[in-house]
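Colleague: Could you walk me through the labels you put on this one? I would like to see each value set beside its rule.

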Amino acid sequence: MYKNIPTQHIRHHSFDEQDISIDVLRLDLLDPEVSGNKWFKLRYYVEDALALGKTGIISVGGAYSNHLVALARVCRDNRLISAAIIRGEAPVTSNPSLEQMASLGMQLLFVSRSEYAEKDRLLQAFLNKHPHYYAIPEGGRSAMGVRGASTILDAAMRSPSRKYTHVACAVGTGTTLAGIANSLGAEQRALGLCSFRGDGPAALGILDFLAKHAIQKNHTVVFDYGFGGFGKKSDELTGFMNTLYETQQIPTDFVYTGKLFYGLYDLAGSGYFRQGSQILIIHSGGLQGNRSLAPGTLNY
Ligand SMILES: *Cc1c(COP(=O)(O)O)cnc(C)c1O
């Protein structure tokens with residue numbers, strides 16, 4: 001299931017003129033629920049939980065977390081029970097992500113934002129009461145998540161091998177970027193485009209995580225395409241996403257991959273890439289998150 005993922009070439013006269021080539025690894029085509037990078041980040045945790053004889057997995061995240069939706073589904077597929085500690089009180093009206101988690105059998109435990117600040121303690125307290133559970137940190141962010149993400153490029157139908165000079169992905173926790181960077185040759189560059197602003201504590205957290213886990217130091221994080229913050233968007237962004245779909249038939253999500261493609265087009269247009277560069281964009285999916293947009297915002 002998670003093999004033979006197609007790579008699509010982007011046709012664009014401006015890229016041709018500059019003699020750069022851009023391909024996209026379409027991880028968004030994997031599955032509507034376990035989208036993109038998430039299965040790869042989760043795979044070794046699930047293996048570990050099963051090997052330890054655990055019967056359930058718990059993790060933590062926000063009310064729109066793609067990580068939790070994917071975890072709910074992967075647990076169901078592996079006959080594990082699942083639970084999640086969710087940041088924020090139970091919403092008066094639910095949202096499509098929470099409904100999806102619940103419909104996959106995930107037990108949802110809502111905590112206030114201030115309680116959530118102690119998320120690792122909450123996980124430990126849950127494990128103390130429920131020793132048959134296995135815990136995964138927020139966003140699957142740890143060495144084990146990085147190891148899973150380092151297998152993403154193995155999934156490409158035609159192995160991307162060493163031909164790419166740059167492999168670009170969206171950055172939330174930085175786990176995916178670290179894994180990709182570790183799987184590249186030292187002469188190849190991993191380029192992460194951050195989905196939020198670069199001036200907050202979360203940005204420092206990413207750089208710190210990468211300093212520890214991306215061992216070849218062949219990565220760059222670009223913070224210029226955060227569009228004002230995580231989950232924030234503008235008409236310019238959604239307009240770009242619509243044009244990208246019309247011209248290349250590539251649907252993107254507004255939280256991660258829309259910003260990733262916008263940023264890549266902008267960098268390419270401003271001469272960031274040297275002549276002859278061959279770029280692979282990892283489309284990490286997340287399309288189910290678009291269901292929280294007002295109807296008619298997107299043309300797909
Ligand atoms: C979770 C997610 C990311 C971010 O991955 P990290 O490993 O947390 O950096 C990127 N794109 C999509 C679509 C995601 O759902």
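Modeller: Happily, starting with rings: those of Phe, Tyr and Trp (its six-membered ring) pair if their centres lie within 6.5 Å, and planes under 30 degrees apart count as stacked, over 60 as edge-to-face and the rest as tilted. By this rule there are 11 aromatic pairs. This is a predicted model, where local features need pLDDT of at least 70, side-chain atom pairs count only at pLDDT 80 or more, and totals for chains, interfaces and linings use all residues. Residues are numbered from 1 along each chain as its sequence is written, and side-chain values use heavy atoms, leaving out hydrogens and water.

Colleague: Why is the pair of Phe240 and Tyr262 called what it is?

Modeller: The ring centres of Phe240 and Tyr262 are 5.3 Å apart and the planes stand at 70°, so the pair is edge-to-face.

Colleague: What makes Asn66 a polar contact of the ligand?

Modeller: A polar contact is a pair of N or O atoms within 3.5 Å; within protein, one must be able to donate a hydrogen and the other to accept it, and residues adjacent in sequence count only if both atoms are side-chain atoms. A polar side-chain atom of Asn66 is 2.7 Å from a ligand oxygen, so the pair qualifies. Ser284 has a polar side-chain atom 2.7 Å from a nitrogen atom of the ligand, and an N or O atom in the side chain of Lys41 is 2.9 Å from a ligand oxygen.

Colleague: How do the residues of the shell around the ligand divide?

Modeller: Three are nonpolar, 10 polar and two charged, where Ala, Val, Leu, Ile, Met, Phe, Trp, Tyr, Cys and Pro count as nonpolar, Asp, Glu, Lys and Arg as charged, and the others, Gly among them, as polar.
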